[in-house]
Amino acid sequence: MRKRSVTVRVARWSALHPGRAVVGWLVFVVLCLGGGIAAGMNSATSEDFRVGEAGRAEALATEGGVQLRPTEQVLIRAESGPLDAKAADAAVKDITARMKSLPEVASVAAPVPSADGRVLRVQVELNGSEQEDQETVPPLQAQTEEAAKAHPGLVIEETGDASVSKGVDDQRNKDLQFSEAITLPITLITLAVVFGSVIMVGVPLLLAVTSIMATMGLAMLASHLLPDTGVGMSMILLIGMAVGVDYTLFYLKREREERARAGGRLTSEALVEAAAATAGRAIVVSGLAVIVSTTALFLARDVIFDSLATGTILVVAVAVVSSVTVLPALLVKLGRRGERRAAKRLAQGKAVRRTYGEKEPGRAWNALLAPARKRPALTLCLSVLVMLGLALPALDMNLKNPARDSFSREIEAMKGYDRLLEAFPEQRVRHLVVVRAEASQAAEVRDALRELDREAQTDPLFSHPSGAPVLRSSEDRRTTTLELNTPHPTYSEKAEASLDHLRHDHLPATVGKVPGVETAVTGEVPRGTDYVEHQNQKLPLVLGFLLLMTFAMTVFAFRSIVLGLLGIVLNLLSAASALGLLVLVFQGEWAEELLSFISLGGISSRVPLFLFVILFGLSMDYQVFVVSRIREAALNGVPTRQAVIEGISSSAKVVTSAAIVMVTVFASFVMLHILEMKQMGFVLAAAVLLDAFVIRIMILPAALLLLGRATWWPSRAIRRAEQRVAERHGTYGTREVPEAPVADDGRPLSGHWAEPGAARRG
């Protein structure tokens, strides 16, 4: 007999020593979480976010000590009517004194009145970098609130990059709590419908929650190698709940099938071991597929994607480990409990009710599967045409980098931001021109920058404030900066056009004429523009790696090149269709009120890359689980056509249940306030929905039925299985299932079957 796989051996040990396995798992979770808390989280710094020319400009400016510093704006206005000059002057003096007393403040500028004189603006510059501003801004906000109380006749409020960032983070945390509150009950209801048992509902949730807890600790440890950007924990919650429940569902489904087939003749240990040889292997292969595909995010060379990839890889790995180690132990515990209750009832002369039988697919499922079964060619053509139609809007996709203007107006700092721009429209966007030259050229560089400022004054794309240009020079006189403003929204075409004019027209015509200088431009718009360009450059590399890995993992799992190619096509089809729906909903303005967002006129640049990577990995869950059932039947000698129908039918309920859980988790993110999270949640929910109900129920079975035996090319295992049945019964393709099933790799499982009276250990 062939040597048992590691998955089966681990499950067997866990089944024979359930107490040790459960305690070992809990110890593992505690150690991971405790180790992570002890090590702390290592957060990314501003240097980690630098990309392109904007990143180079920030490095030059920081080296010279003339970088853009976070600034807060304190606005002073009357409740209504004109501003009282005397009261306003007293408020300015109070605010200035309060801010200057704080160690977080670098400087406080003189007050600037609005054009109509109804608002005063006091600019406060903070110490530290823009990545640290959320930590330094609370004392400033507290002083602003105290000043507002001290001057009740005036409205005093604060806004700025730091206060907006803090407001966004606070809102994100509340949103995630709201999302969890929605996801949990729907997951409970779905699991209750699938299993009809309160105890069985608790098992997937218990493993998902403990897996997430362990992963959070591991992520803290990993952050000391790859800095965390704040999105890693969100990804752990998002993916952890989805795959944790999915993997447990797959395993539980198979264990129940083995129990129903055994009819009480097998021990709980034998049933769990049999499930490990099939569903356990599928879970391991699925998890490896997700992990391998997610590593593609590291090729993007971006700290945010590094953080997303790290969280996803860790939580999937931990979910796989929990599914093949502690889950068998829990199932044995529950199985023994059921056996004891059954034995007690029998001893009392009472009937034993069988609760583990699996029902055949109902009418609804038969109706859904009927088109592919009866008319596969027509079903395939129509389904593919529908998916391609959904994908068409993606051809007009316009990638944008979400910026401050798209944030929710429920944030108080954003309300102040709107009032700031209404009174001082030139404060919307800052471009920072950075020039590096020899110290002896400092005067020439400053003259050239003044000329650049004059040129910008004549360009309608820029603001035209009165006063001298904002020039700064480093102590060694080698680095000089100039600030230029534009009144257009950060994601607008005019703001991007102003940057293009600056980089390609105004700079070459002025500073560019000074010999030996190095120039670069940064700011919110340059960062966004360079980031999108960076993502566009990396997308072909990441997508190519994904396609290659998806193909390789499918061939590895099923020894079939045909299935590898089919998997690539189906993944591309579902991803393209989901992107088309995303563009249709979010790139225009018609759904703004419905989904509570402000359209960027485009899609967040991170979303497509994130979709491809996560979807390619998660879709392998369904692919491996469904095709494993089909291949298992075919290895038992069932003709391919019949194996396809049986495999799809037997897996339809659990795949759909898993998809409902996953769609619920993702769709809950659409209710969040942050636009990028909305888009990610929407596109992933749409992709999983299409994958589960169109790809796996319509397109995949239709394609496999049309391919027939060619599905398994070049593997000969299926052909040999059919030949064995033909030789045994004298007919080719006769339906005859061996007494003992086989695992996905073709190995008979007869060695795992034991009578209930067999001796137990542990």
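**From a buried helix outward**

Ile212 sits in helix α7, which spans residues 198–222. The model is predicted. Is Ile212 buried or exposed? Its relative accessibility is 7%, so Ile212 counts as buried. Beyond its sequence neighbours up to four places away, Ile212 touches Ile236, Leu237, Gly240, Met241 and Val315. Leu238 offers a distance to check: Ile212 and Leu238 are 26 residues apart in sequence, and their C-alpha atoms are 9.6 Å apart in space.

Now take the whole chain. The protein chain holds 23 helices and 11 strands. Its C-alpha atoms fill a box of roughly 100 × 55 × 45 Å along the principal axes. The chain has 762 residues, and 55% of them are buried. Among contacts with a separation of 6 or more, 81% join residues 24 or more positions apart. The accessible surface comes to about 31700 Å², with 59% belonging to carbon and sulfur atoms.

His151 gives another buried site. This residue lies in the loop between α5 (133–150) and β5 (154–160). His151 has 16% relative accessibility; the cut-off for buried is under 20%, so His151 counts as buried. Leaving out residues up to four places away in sequence, His151 touches Ala90, Ala91, Asp94 and Ile156.

Next come the charges. The chain carries 80 positive and 78 negative side chains. The centres of these two sets lie 16 Å apart. Side chains of opposite charge can pair when their charged atoms come close. How many salt bridges does a search of the whole structure find? The search finds 23.

Start with a pair inside one helix. Lys93 forms a salt bridge with Asp89, with 3.5 Å between the closest N and O atoms. Both belong to helix α4 (residues 85–100); because they are 4 residues apart there, about one helical turn separates them. Lys93 is exposed, at 55% relative accessible area. Asp89 is partly exposed, at 41%.

Glu496 and Lys400 form another salt bridge, and their closest N and O atoms are 3.4 Å apart. This pair links distant parts of the chain: Glu496 is in helix α16 (residues 493–509), Lys400 is in strand β6 (residues 399–400), and their positions lie 96 residues apart in the count. Glu496 is partly exposed at 32% relative accessibility. Lys400, at 5%, counts as buried.

Glu676 and Arg606 also meet in a salt bridge, at 2.8 Å from N to O. Glu676 lies in helix α22 (residues 675–707) and Arg606 in helix α20 (residues 606–635), so the pair ties together parts 70 residues apart in sequence. Both Glu676 and Arg606 are buried. Elsewhere, Glu53, Arg503 and Asp530 are joined into one network by salt bridges that share partners.

Finally, the surface patches. Which residues form the positive patch? They are Arg716, Arg719, Arg720, Arg724 and Arg728. Arg720 is placed in helix α23 (residues 717–729). Its relative accessibility is 46%, so Arg720 counts as partly exposed. A nonpolar patch of about 390 Å² is made by Leu378, Leu382, Leu385 and Leu388. Leu378 lies in helix α13 (residues 376–391). With a relative accessible area of 47%, Leu378 is partly exposed.

Key:
Residues numbered from 1 in each chain as written. Heavy atoms only, no water. Patch = residues over 30% accessible without salt bridge, like charges linked within 9 Å, V, L, I, M, F, W, Y side chains within 5 Å. Areas by Shrake-Rupley, 256 points an atom, 1.4 Å probe, with all protein chains shown as cover. Salt bridge = Lys/Arg side-chain N within 4 Å of Asp/Glu carboxyl O. Lys, Arg positive; Asp, Glu negative; His and termini not counted. Charge placed at Lys NZ, Arg CZ, Asp CG, Glu CD. Helix = DSSP H or I, 4+ residues; strand = E, 2+ residues; numbered from the N terminus. Buried < 20%, exposed > 50% of the residue type's maximum accessible area, 1.4 Å probe, protein only. Contact = heavy atoms within 4.5 Å.
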